[in-house]
Amino acid sequence: MYISKVHLQGFKSFLNKTDLQFGHGITCVVGPNGCGKTNIVDSIRWILGEQKSSVLRSNKMEDVIFNGTRKRQPISFCEASIILHNEGRLPVEYTDIEITRRLFRSGESEYLMNKIPCRLKDINNLFMDTGMGAGAYSVIELKMIETILSQNTDDRKHLIEEAAGINQYKKQRHQTFRKLKATKSDLERVNDILIELDKNVKGL
């Protein structure tokens, strides 16, 4: 699996429609300071569901929308897409998978998978334990290398677990415990109803 294309429109410094073509084997983007390398990394994280504006170097999420210059007016929305060549790594029948995220200045947002509306949960489940994702280890910017090395043991543990492919099982375990807790609450409620009915029966 590899990134074959990134499409940007209105995202940060990429005002006009911009298509970045990537081929098999390309692992990094290099260039001088200020050319937009980190904005490309931010766009990929944003497409894959990043929810913290600070991670995208913004005060609020709407700041990722092109905010205008002296000669250009601000725009009302931004859109970014990533096209992945699957090669059987993801559990879908498509060879090429396009993930799109749109954000409007009003605060509304939407996700699409192969141009079909979907939920963020669907995207997270698709990329779980693949190394891709908003907080995964496969897409990093230069300054993040030092951050990773200086992270505490819990943060490093998360990266190792992601690489080992066990996060999906931890999530399933967490969901199972939640269901058990909900079932226990339902049973307690049933017992309360039985006690109340028993009182009514005795009264009758």
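The legends below describe close-up views of a predicted model.

**View 1. Salt bridge between Arg57 and Asp42 in the predicted model.** Arg57 and Asp42 form a salt bridge in which the closest N and O atoms are 2.6 Å apart. The pair links distant parts of the chain, since Arg57 belongs to the loop between α1 (37–47) and β3 (77–85), whereas Asp42 belongs to helix α1, and the two residues are 15 residues apart. The partners differ in their accessibility class: Arg57 is partly exposed, with a relative accessible area of 41%, while Asp42 is buried, with a relative accessible area of 0%. Asp42 and Arg57 are also joined with Lys12 in a network of salt bridges.

**View 2. Salt bridge between Lys60 and Asp63.** Lys60 pairs with Asp63 in a salt bridge whose closest N and O atoms lie 3.3 Å apart. Lys60 has a relative accessible area of 46% and is therefore classed as partly exposed, and Asp63, with a relative accessible area of 31%, is likewise partly exposed.

**View 3. Salt bridge between Arg119 and Asp122.** In this pair the closest N and O atoms of Arg119 and Asp122 are 2.9 Å apart. Arg119 is partly exposed, its relative accessible area being 48%, and Asp122 is partly exposed as well, at a relative accessible area of 27%. Across the model, the count of salt bridges comes to 9.

**View 4. Surroundings of Lys17 in the loop between β1 and β2.** Lys17 is located in the loop that runs between β1 (2–9) and β2 (18–21). Because its relative accessibility is 62%, Lys17 counts as exposed, the cut-off for that class being over 50%. When neighbours within four places in sequence are left aside, Lys17 is in contact with His7, Leu8 and Gln9. The C-alpha atom of Lys17 is separated by 9.3 Å from that of Glu79, although these two residues are 62 residues apart along the chain.

**View 5. Nonpolar patch on the surface that includes Leu197.** Val190, Ile193, Leu194 and Leu197 form a nonpolar patch on the surface, and together these residues have about 340 Å² of accessible area. One of the residues of this patch, Leu197, is found in helix α5, which comprises residues 167–203. Leu197 has a relative accessibility of 46% and so counts as partly exposed, a class that lies between the limits of under 20% for buried and over 50% for exposed residues.

Note on methods:
Residues numbered from 1 in each chain as written. Predicted model: local features only at pLDDT ≥ 70, side-chain atom pairs only at ≥ 80, totals over all residues. Heavy atoms only, no water. Patch = residues over 30% accessible without salt bridge, like charges linked within 9 Å, V, L, I, M, F, W, Y side chains within 5 Å. Areas by Shrake-Rupley, 256 points an atom, 1.4 Å probe, with all protein chains shown as cover. Salt bridge = Lys/Arg side-chain N within 4 Å of Asp/Glu carboxyl O. Helix = DSSP H or I, 4+ residues; strand = E, 2+ residues; numbered from the N terminus. Buried < 20%, exposed > 50% of the residue type's maximum accessible area, 1.4 Å probe, protein only. Contact = heavy atoms within 4.5 Å.
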